[in-house]
Every structure is written in structure tokens, then in C-alpha cells.
Amino acid sequence: MDLPLHEDDLDAEGVIRASAITPLRPDMPAAAVLCWFPEVVEDLGTRSETVTVLRSELGRSPVWRTTGPGGTPVAVLHPGVGAPLAAMFLEHLAALGVRTVVGVGGAGALRHELTLGHAVVLGSALRDEGTSFHYQPPSRTIDADPDGVDAVVRVLDGAGVPHVVGRCWTTDAVFRETPARVARRRDEGCAVVDMEASALVAAARRIGVGYGQVFLAADSLAGPEWEHRGWTRAREARAGLFGLALAAAETWDGSRGPGAGPRDDPADAADGDGDGRRAGGTGTP
């Protein structure tokens, strides 16, 4: 089937460019966190200054300036819900001057052992959305930036936080996560499900931004019935994981040389054989 998503014009620039809307800012932090926890971002906004404001038909999305544990400025933005908006905001951040980004949010658990609050580092993503195909050639899966994986894992290890490195199923349709699809995705190695990860990995690779991500295991699709598990009320766990993402963004950017982009790993296959929603020790569940 000849799908528009497979059209081969990935080398061409778009007619609309983020840089025409949000030009480079000399005061923009080089590191940023995309945080899907609204109460965390709102609280941060009460004690932080605004670098700039991004706008969409949803309204204003402030970009806040905070500092990491080491005292380095880090930008923080809620990237909205869904791959298209998140990728658009990532492009805006890159145009503003950001070069290193860590995402943190909830993800639906596909495996029983991922209890509420367990940390899952994005190792790869299964591309069941449309946005990523506008940034990278067609493939079923895509590997995360290995430097981003390493940066997040180091911070979690240092904090003694149990975690796994896993694959995320990224899908556009929350209400079409059928039992058969859930089972198939588990068979393909997916540990969690979200709505943005594969698009952000693909977009970051194309525009030259380092991108890593950590999920909080949230609601569960591992059993015959969906379980909410009260994940949106797990405020301490959500705030804690945000703090670790902030540290990872700061330390990762600090370790990169001038002009550095995401590392190309020759071991990465086009179909993304690496490890790895809603947005003790390491291993792959």
C-alpha cells in the first residue's frame, strides 16, 4: 500500500520553519526538560521566571527557567498531549537554542511487574503514530539516543532509584489500545505505552538535539481490565522523577562538547533493535 507517510522527501525543509516563529535567544538555556506532569510545571511556574511563551490553539505554553542541582539553568515546558504538538514544541526549543532535552511523564504499564511509580528509561520505541515518519525513514521501531539512555540511567543509579530500560509503544489512539494489540506489543518487547516518545526520538535525531526520556509507570493495561491505579495523584513520585530528569538534562548537556548533537551509534539498526505513556538495578522487563 502506497501510504503518504512513506513519501521520500525527508531531506527537504518544510515551508514553515520553527526558526521563523521562534528565533534564537541568547538567554535560552542549552538544556531543557519536557514535563508531562501539569501540577509539577504549575508549581515550578510560581517560583521561576519565564524565558518565553510558545503559543498554539490551546493557548499559552510558558517556557520556564529553573536551575538543575548543579546550578546550571534549565528550561522546562509542558509539551501538551500527543506526538504532533510535542514534536512541534521540540522544534521550537531547538530554534530557541536548546540542544539537550530529557522528557519525563507517565506511561501505561504493559507488564504486571511494572508497579505504580516504577521508573522506565526509554531505550527504543515502536512507531504506531504518524509524526515520526515525517522525520525519519519508515521502520517499525526506533532506538533512543544511547547517550540519553546513559545520562538518565546514571542519575537514577546515583539516586538509588529502581528502574528498567525498555521499549515504549507510541500510539495516537488511546481508546484503540485493544487487548490484541496490547498482547502483540508485549510480544514485541514493549514495556509501556505512550503518545509521544517515538516522534520525539525521530524529530530530535533529524534536528540535531539530544533526547532522552524516563517514564513513571502509571496506569496499567497489563490485565484484562484497565486499572487507573491513581497515578495522577502520586504527586511525590511525579515530583521526584521530575527532579531526576532535571539533573539528567543538566549533567548530560554539561558533558557534551560545543556544537554536539545526538550520537549516531553504528550498532543501531534501521529497524531499531534497542531496548526500549500518557507521557533493584537496571534491566529489560
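A salt bridge is a side-chain nitrogen of Lys or Arg within 4 Å of a carboxyl oxygen of Asp or Glu. With that in hand, this tour moves through a predicted model, beginning with a pair that meets the definition.

**First stop: D253 and R99.** Select D253 and R99, whose closest N and O atoms are 2.8 Å apart, forming a salt bridge. D253 belongs to helix 7, whereas R99 sits in the loop between helix 3 and strand 5 (100-109), so the pair ties together parts that are 154 residues apart in sequence. D253 has a relative accessibility of 11% and therefore counts as buried.

**The whole chain.** Now zoom out and display the chain as a cartoon. Seven helices and ten strands make up its secondary structure. The C-alpha trace spans about 50 × 45 × 40 Å along its principal axes. For 285 residues, a compact globule would have a radius of gyration near 19 Å, and the 17 Å of this chain agrees with that. Of the 285 residues, 54% count as buried. Switch to a surface view: the chain exposes about 12700 Å², and carbon and sulfur atoms supply 53% of this area.

**Charged side chains.** Colour the charged residues next. There are 27 positive and 39 negative side chains, and the centres of the two sets lie 4 Å apart. Side chains of opposite charge can pair when their charged atoms come close. How many salt bridges does the count come to? The count comes to eleven salt bridges.

Select D43 and R47 to see one of them, with N to O at 2.9 Å. D43 is partly exposed, since its relative accessible area is 40%, while R47 counts as exposed at 58%.

Then select R65 and E49, another salt bridge, with the closest N and O atoms 2.6 Å apart. R65 lies in strand 3 (residues 59-67) and E49 in strand 2 (residues 49-56), so this pair ties together parts that are 16 residues apart in sequence. E49 is partly exposed, with a relative accessible area of 45%.

To see a network of salt bridges, select D128, R140, R181, R185 and E188 together.

**A buried charge: E250.** Return to helix 7 (residues 235-255) and select E250. Which side chain of opposite charge is nearest to E250? That side chain is R154, 12 Å away; E250 is buried yet has no salt bridge. Its side chain does reach backbone nitrogens: that of G71 at 3.2 Å and that of T72 at 2.8 Å.

**T171 and A86.** Select T171, found in strand 8 (residues 163-171). T171 counts as buried because its relative accessibility is 5%. The side chain of T171 reaches the backbone nitrogen of A173 at 3.3 Å.

Move on to A86 in helix 3 (residues 83-96). Is A86 buried or exposed? At 0% relative accessibility, A86 counts as buried. Add L200 to the selection: the C-alpha atoms of A86 and L200 are separated by 7.1 Å, although the two residues are 114 apart along the chain.

**Last stop: P26.** Finish in the loop between helix 1 (18-21) and strand 1 (31-35), where P26 is located. P26 counts as exposed because its relative accessibility is 86%. Select A75 as well: the two residues are 49 apart along the chain, and their C-alpha atoms are separated by 13 Å.

Notes. Residues numbered from 1 in each chain as written. Predicted model: local features only at pLDDT ≥ 70, side-chain atom pairs only at ≥ 80, totals over all residues. Heavy atoms only, no water. Helix = DSSP H or I, 4+ residues; strand = E, 2+ residues; numbered from the N terminus. Rg over C-alpha atoms; globule rule 2.2 N^0.38 Å. Buried < 20%, exposed > 50% of the residue type's maximum accessible area, 1.4 Å probe, protein only. Areas by Shrake-Rupley, 256 points an atom, 1.4 Å probe, with all protein chains shown as cover. Lys, Arg positive; Asp, Glu negative; His and termini not counted. Charge placed at Lys NZ, Arg CZ, Asp CG, Glu CD. Polar contact = N/O pair within 3.5 Å; in protein donor to acceptor, adjacent residues only side chain to side chain.
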